[in-house]
Amino acid sequence: MQPLGGGWDELLAPLFADERYLKIREFLKREYATRTVYPDMYDLYNCFRMTPLDQVRCVILGQDPYHEPGQAHGLCFSVKPGVPLPPSLQNIFKEIQSDLNIQEPACGDLTKWAQSGVLLLNTTLTVRAHQANSHANCGWAWFTDAVIKLISEHTKNTVFILWGGNARSKAQLIDSHKHLILQCAHPSPLSVYRGFFGCKHFSQTNTYLIAHGKLPINWDLN
């Protein structure tokens with residue numbers, strides 16, 4: 001694996017050397033060799049490569065990657081340029097417009113967020129084509145739980161945004177005395193009216209960061 005840079009290699013070295021991670025790697029070798037798997041293996045750790053550890057100011061937790069062609073590229077909720085916006089991402093942009101009066105972008109590539117300090121981490125990092133949650137039991141939960149704990153331990157005054165039951169179950173991994181944890185329903189059309197719309201997580205994030213002497217996140221992708 002190519003080095004991740006940004007302080008991640010040192011932080012995650014014990015995880016990458018762990019027997020449980022080696023089992024995940026063996027599983028992925030078989031899957032990538034025999035199935036169509038997303039994201040591309042070279043995009044697998046993009047969330048770390050794009051957001052150095054010492055720049056992490058906000059963490060958004062997703063569940064697993066999009067499972068249709070051309071969508072997933074290693075950042076949760078994000079799709080590659082030119083790809084139609086998935087419904088959950090459309091709803092995220094609607095909430096940003098309502099919360100911060102930022103015009104909805106036409107492109108769903110969230111790279112600019114990643115580069116401005118938002119770690120876009122899925123709790124499962126891979127998926128088989130057309131089969132949502134198909135890699136949910138391969139060991140990723142152990143790995144990403146450990147990553148969340150490490151971020152909680154090694155950063156200060158970080159905002160953790162947890163949407164939906166899967167993400168909200170991770171709140172116990174985060175030190176709420178050091179960080180702000182924002183939780184609500186998932187932006188999926190199935191649950192968006194159960195508390196996602198109107199959550200104002202984007203303005204709350206920036207209010208907290210400014211209050212703790214940090215730069216706010218530029219949520220505007222236009």
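This text goes through a predicted model, from its sheet to its core, its cysteines and some details of its backbone.

A good place to start is the sheet. Four strands form an open sheet in the order E3-E2-E5-E6, and their pairing is parallel. The edge strands are E3 (118–122) and E6 (180–184), each of which pairs on one side only. On average, neighbouring strands of this sheet are turned by 20 degrees against each other, direction ignored. In general, strands of a sheet pair through backbone hydrogen bonds, either parallel or antiparallel. Strand E2, residues 58–62, pairs with E3 in the parallel sense over five bridges. To see one residue pair in this arrangement, find Gly62, whose bridge partner in E3 is Asn122.

A helix lies against this sheet. Helix H6 (residues 140–154) packs on the sheet and touches E2, E3 and strand E5 (159–163). The direction of H6 makes about 155 degrees with that of E3.

Helix H8 (residues 201–211) can be followed next. Its buried residues are His201, Phe202, Ser203, Thr205, Asn206, Tyr208 and Leu209. What do the buried residues of H8 pack against? They pack against the strands E2, E5 and E6, and also against helix H4 (87–100) and helix H5 (111–115). Just after H8 comes Gly213, which takes a positive phi of about 75 degrees.

The next topic is the interior. In soluble globular proteins, nonpolar side chains tend to be buried together. Here the largest nonpolar core has 69 residues, and Ile60 and Trp113 have the most contacts inside it. H6 gives the most to this core, with seven residues. Setting aside residues up to four places away in sequence, the residues that Trp113 touches include Ile60, Ile92, Phe93, Val118, Leu120 and Phe202. Trp219 and Leu221 are also among the residues touched by Trp113.

Aromatic rings can be traced as well. The whole structure has 19 aromatic pairs. One of them joins Trp140 and Phe143 in an edge-to-face arrangement, with 5.6 Å centre to centre and 70 degrees between the planes. Both residues lie in helix H6, three residues apart, about one turn of the helix. Trp140 counts as buried, at 0% relative accessibility, and Phe143 is buried with a relative accessible area of 0%. Elsewhere, ring pairs link Phe77, Phe93, Trp113, Trp163, Tyr193, Phe196, Phe197, Phe202 and Trp219 into a cluster.

Now consider the cysteines. A search of the whole structure finds zero disulfides. Why does Cys47 form no bond with Cys76? The sulfur of Cys76 is the closest cysteine sulfur to that of Cys47, but at 8.0 Å it is too far for a bond. Cys199 and Cys184 have sulfurs 4.1 Å apart, and this is also too far, because a disulfide needs sulfur atoms within 2.5 Å. Cys47 counts as buried at 2% relative accessibility, and Cys199 is buried too, with a relative accessible area of 10%.

Two residues show different surroundings. Gly6 is found in the segment before helix H1 (8–16). At 40% relative accessibility, Gly6 counts as partly exposed. Apart from its neighbours within four places in sequence, Gly6 is in contact with Pro52, Leu53 and Asp54. Ser88 is found in helix H4. Is Ser88 buried or exposed? Ser88 counts as buried, because its relative accessibility of 12% is under the 20% limit. Leaving aside neighbours within four places in sequence, Ser88 is in contact with Phe77, His186, Pro187, Ser188 and Pro189.

Finally, some backbone details can be picked out in the loops. The peptide bond from Tyr38 to Pro39 is cis, with omega near -5 degrees. Pro39 lies in the loop between strand E1 (37–38) and helix H3 (46–50). Another loop runs between strand E4 (127–128) and H6, and His130 lies in it. His130 has a positive phi of about 65 degrees although it is not a glycine. Asn133 is found in the loop between E4 and H6. Asn133 is not a glycine, yet it has a positive phi of about 65 degrees. Asn133 is partly exposed, with a relative accessible area of 34%.

Technical notes:
Residues are numbered from 1 along each chain as its sequence is written. This is a predicted model: local features need pLDDT of at least 70, side-chain atom pairs count only at pLDDT 80 or more; totals for chains, interfaces and linings use all residues. Side-chain values use heavy atoms; hydrogens and water are left out. Two strands pair if DSSP finds at least two bridges between them. Helices (H or I, at least four residues) and strands (E, at least two) are DSSP runs, numbered from the N terminus. Axes are lines fitted to C-alpha atoms, for helices over the stretch in contact, and angles run from 0 to 180 degrees between N-to-C directions. Contact means heavy atoms within 4.5 Å. Buried means under 20% relative accessible area, exposed over 50%, partly exposed in between (1.4 Å probe, protein chains only). A nonpolar core is a set of buried Ala, Val, Leu, Ile, Met, Phe, Trp, Tyr and Cys residues joined through side-chain atoms within 4.5 Å. Rings of Phe, Tyr and Trp (its six-membered ring) pair if their centres lie within 6.5 Å; planes under 30 degrees apart count as stacked, over 60 as edge-to-face and the rest as tilted.
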